[in-house]
Amino acid sequence: MTSTPEIWIFKTSNDLFTAAVADFAKLAADAVQKRGRFCVALSGGSTPKGMFTLLAASSAPIPWNGIYFFWGDERHVPPADPESNYLMAYEAMLSKVQVPPQNIFRILSEERDPELAARQYEQTLIKFFGLYAGEFPRFDLALLGLGPDGHTASLFPDSTALRETKRLVVANWVEKFKTHRITLTLPVLNNAAVVEFLVSGNEKAGIVHQVLDGGGNQYPSQMIRPREGRLVWLLDQAAASELSHGDQIRTTSNQR
């Protein structure tokens, strides 16, 4: 790993959401001021949803016009499907803030062929970021969740996407669900300036312990290693309850 992960532990999930919102607002303001835009890859999941809900209600001066929204992964369902990551983000946040519609780049997961949807999204990224062959986009922020099996985005254990080194987006077959998921690849996520895992709840304590204390590459989430960026884990005390508290862990109930 290029740098030691920052691990922030908060007393409650609401404290976690509050800190994530404050960090989002700061990163967005800095990026827009310096570069004119802030590019973020959103995650699905209950903990990111809590952050999105609070972000939509935030009174912080967030430069919505300069924020560009993408998705780290998507289920192979139409955008109005209850399982859609896009729909969750839209209902929790995007429909409630003043973000221009042209700043929202969802995965066209209603395509019957998931590989076509992946190729289309790859072309969207290439065009938006002005990439040449062999280059990867650099998101200012990639938000990630953590599954009970250690997956993140739609990078599942033993799936073929974990071996991808050149593509930006792939249609990853997930055997346990008998379906494809469309996901950014490891090289893309590892090229982000900041990667933040948002994890809460007692049910995640075991996998958090295995991922952060276990070492190695047993789980896809352990393969998230930003090459030239920060890796941050935001946990509530319930999710962090089984961690071995080392020098790298800082516990706080305040905003970051």
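Modeller: A residue is called buried when its relative accessible area is under 20%. Keep that cut-off in mind while reading this model, which is predicted.

Biologist: How many of the six residues of β6 are buried?

Modeller: Five of the six are buried, and the strand is mostly covered. Part of the setting is helix α4 (residues 114-129), which lies across β6 and β7 and runs at about 150 degrees to β6.

Biologist: Which strands form the sheet, and in what order?

Modeller: The order is β4-β7-β6, an open sheet of three strands with antiparallel pairing. β4 (73-75) and β6 (169-174) are the edge strands, each pairing on one side only. Averaged over neighbouring strands and ignoring direction, the turn of one against the next is 25 degrees.

Biologist: How should side chains along a strand be read?

Modeller: In a regular strand they alternate between the two faces of the sheet. For the pairing here, look at β6 and β7 (residues 179-184), which run antiparallel and are joined by six bridges. Two partners in β7 can be picked out: R181 is the bridge partner of N172, and H180 is that of W173.

Biologist: How many residues lie between β6 and β7 in their hairpin?

Modeller: Four residues lie between the two strands. One residue in that turn, K178, has a positive phi of about 55 degrees.

Biologist: Now the helices. At what angle do α1 and α2 pack?

Modeller: The angle between α1 (residues 13-35) and α2 (residues 46-56) is about 60 degrees, and their axes are 9 Å apart. An angle under 35 degrees would count as roughly parallel, and one from 65 to 115 as roughly perpendicular. α1 and α2 are therefore oblique to each other. The crossing of α1 past α2 is right-handed.

Biologist: Which residues make that contact?

Modeller: On α1 they are N14, L16, F17, T18, A20, V21 and F24; on α2 they are T47, G50, M51, L54 and L55. By class, the contact of α1 with α2 has eight nonpolar residues, four polar ones and no charged ones. The general idea behind the spacing is that an α-helix has 3.6 residues a turn, so residues three or four places apart point the same way.

Biologist: What is the arrangement of α2 and α3?

Modeller: Their axes are 8 Å apart and the packing angle is about 30 degrees. That makes α2 roughly parallel to α3. K49, F52, T53 and A56 of α2 meet M88, A89 and A92 of α3. The contact of α2 with α3 divides into five nonpolar residues, one polar and one charged.

Biologist: Why is α3 described as largely enclosed by the rest of the structure?

Modeller: Helix α3 (residues 85-92) has eight residues and six of them are buried, so it is largely enclosed. The buried ones are N85, Y86, L87, M88, A89 and A92. Their cover includes β2 (38-42), α2, β3 (67-71) and β4.

Biologist: Take a residue outside helices and strands. Is R227 buried or exposed?

Modeller: For exposed, the relative accessible area has to be over 50%. R227 has a value of 51%, so R227 is exposed. R227 is found in the loop between α6 (205-214) and β9 (230-236). Separation along the chain and separation in space are two readings to take together. R227 and A192 are 35 residues apart along the chain, and their C-alpha atoms are separated by 8.1 Å.

How values were computed:
Residues are numbered from 1 along each chain as its sequence is written. This is a predicted model: local features need pLDDT of at least 70, side-chain atom pairs count only at pLDDT 80 or more; totals for chains, interfaces and linings use all residues. Side-chain values use heavy atoms; hydrogens and water are left out. Axes are lines fitted to C-alpha atoms, for helices over the stretch in contact, and angles run from 0 to 180 degrees between N-to-C directions. Angles under 35 degrees count as roughly parallel, over 145 as roughly antiparallel, 65 to 115 as roughly perpendicular and the rest as oblique. A crossing is left-handed if the near helix is turned anticlockwise from the far one by less than a right angle, and right-handed if clockwise. Contact means heavy atoms within 4.5 Å. Ala, Val, Leu, Ile, Met, Phe, Trp, Tyr, Cys and Pro count as nonpolar, Asp, Glu, Lys and Arg as charged, and the others, Gly among them, as polar. Two strands pair if DSSP finds at least two bridges between them. Buried means under 20% relative accessible area, exposed over 50%, partly exposed in between (1.4 Å probe, protein chains only).
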